[in-house]
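Student: I would like a close look at a single part of this protein, with the rest brought in where it touches that part. Please take me through it step by step.

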Amino acid sequence: MPTRWSICVKTFVSVTVRNACGVCARYGVSPLMFELPSEALRHARIPLLTALIDKAMTLGYRLTGKVRYDDFRMERVHGVPFVVTPTVLNPKLTRTGAFFSSLIDARLVSRNAEVLDMGTGSGVCAVFAARYAARVVAVDINSAAVRCAGINASLNHLEHKIDVRHGDLFGPVTAERFDLVLFNPPFIRGVPRDDRDRAWRSSDVAERFAASLGDHLKPGGSALVLLSSFGDGQFFLEEFRRHGFEIAVLAERRFVNERLAIFRLRPTHSQDMT
């Protein structure tokens, strides 16, 4: 005879299973995985177990309070302190900022490099890049993120190297070119509901970023773009190829419910000559 506990567990699992199919649609999860030019198109749906684990993680975040992105929080990313203010993406809880910044070192950023951190958010990548680069320009469309990144530049004594600007994509750097562009884009297709949602969702960022990137790279320059299996990463890659960029995987990290990859983009020879 089933116990009360077993009935509760079965009920929870049953409800979760029924809702699992709606997780992708609700949160904008794409079934497409990443594809490189040399690979065949690969389609993979998120397994039911992954969806269940994702739901459990979400519940855990709610119970521990980590879901409260609109609170002021102090985080340490690889030992470096960061303040996260309301409506700004938390680089540690969402994993993308922490993963991206872990790769930024002297091998990627020379001491004379000029770096653009697009969609800077809390400024995590700008801060790590500024430890090596000559200067960093950090841009975000969210005015709260601009203030937050400025705070973190000062908190880490790098305000003399980081120039934080407010605006949409390359708007604030119209006539400037960079050795390296960093971008952790909103990789879910759709219209953002508010400033916080702009970090996750956009209707045309992939097209506009790919179309303008070549005009803002110095000769020999490159871009690093982080994409997630949660979202339309495939669409970004198709846009980059359409605009003539060579694409290579710099780093990849797999989690139980997500795959992150950082792609290095280099203009083709014909673009370098323009």
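**A hairpin and its surroundings**

Tutor: Strands β10 and β11 form a hairpin, with four residues between them. The model is a predicted one, so read every value below as computed from it. The two strands run antiparallel and are joined by nine bridges. One pair to find on screen is E252 and A261 of β11, which stand opposite each other. β10 covers residues 245–254, and β11 covers 259–267.

Now step back along the chain to helix α7, residues 233–242. Just after α7, G244 takes a positive phi of about 85 degrees. The buried residues of α7 are G233, Q234, F236, L237, E239 and F240. What covers them includes both strands of the hairpin, β10 and β11, along with α6 (205–213) and β9 (217–228). A general point helps in reading such a list: an α-helix has 3.6 residues a turn, so residues three or four places apart point the same way.

Strand β9 is worth a stop, and L226 lies in it. L226 counts as buried because its relative accessibility is 0%. L226 and L260 are 34 residues apart in sequence, yet their C-alpha atoms are 7.0 Å apart in space. Leaving out residues up to four places away in sequence, L226 touches L260, A261 and I262, and also T96, F99, F100, F183, N184, P185 and F187. A261 is the residue that stands opposite E252. Contacts across long stretches of sequence also show in the count for the chain: of the contacts with a separation of 6 or more, 66% are between residues 24 or more positions apart.

The next topic is the core. The largest nonpolar core has 59 residues, and those touching the most other members are V115, L116, I162, L182, L213, F240 and L265. The largest share of this core, seven residues, comes from helix α4, residues 124–130. F240 is also one of the buried residues of α7. L116, for its part, is in contact with V137, V139, F170, V173, F178, L180, V181 and L182, leaving aside neighbours within four places in sequence. A second, separate core has five residues, including V88, A144, A145 and C148. In soluble globular proteins, nonpolar side chains tend to be buried together.

For comparison, look at another hairpin, that of β1 and β2. Strand β1 (residues 73–77) pairs with β2 in the antiparallel sense over five bridges. R76 has P81 in β2 as its bridge partner. This hairpin has two residues between the strands, and H78 takes a positive phi near 50 degrees. In β2 (residues 80–84), five of the five residues are buried, so the strand is largely enclosed by the rest of the structure. Both of its faces are covered, with V80, F82 and V84 on one side and P81 and V83 on the other.

Finally, set the part in the whole. The chain has eight helices and 11 strands, and 46% of its 274 residues are buried. Open space can be located too: the second largest pocket holds about 610 Å³. Of its 42 lining residues, G119, D140, P186, R198 and A199 are the closest to its centre. Helix α6, one of the elements covering the buried residues of α7, is among those that supply at least two residues of this lining.

Note on methods. Residues numbered from 1 in each chain as written. Predicted model: local features only at pLDDT ≥ 70, side-chain atom pairs only at ≥ 80, totals over all residues. Heavy atoms only, no water. Buried < 20%, exposed > 50% of the residue type's maximum accessible area, 1.4 Å probe, protein only. Contact = heavy atoms within 4.5 Å. Core = buried A, V, L, I, M, F, W, Y, C linked by side-chain atoms within 4.5 Å. 1 Å grid on protein atoms, 1.4 Å probe; cavity = no way out; pocket = protein on both sides within 12 Å on 5 of 7 lines; lining within 4 Å. Points joined across faces, edges and corners; volume = space filled by probe spheres on them. Pairing = 2+ DSSP bridges.
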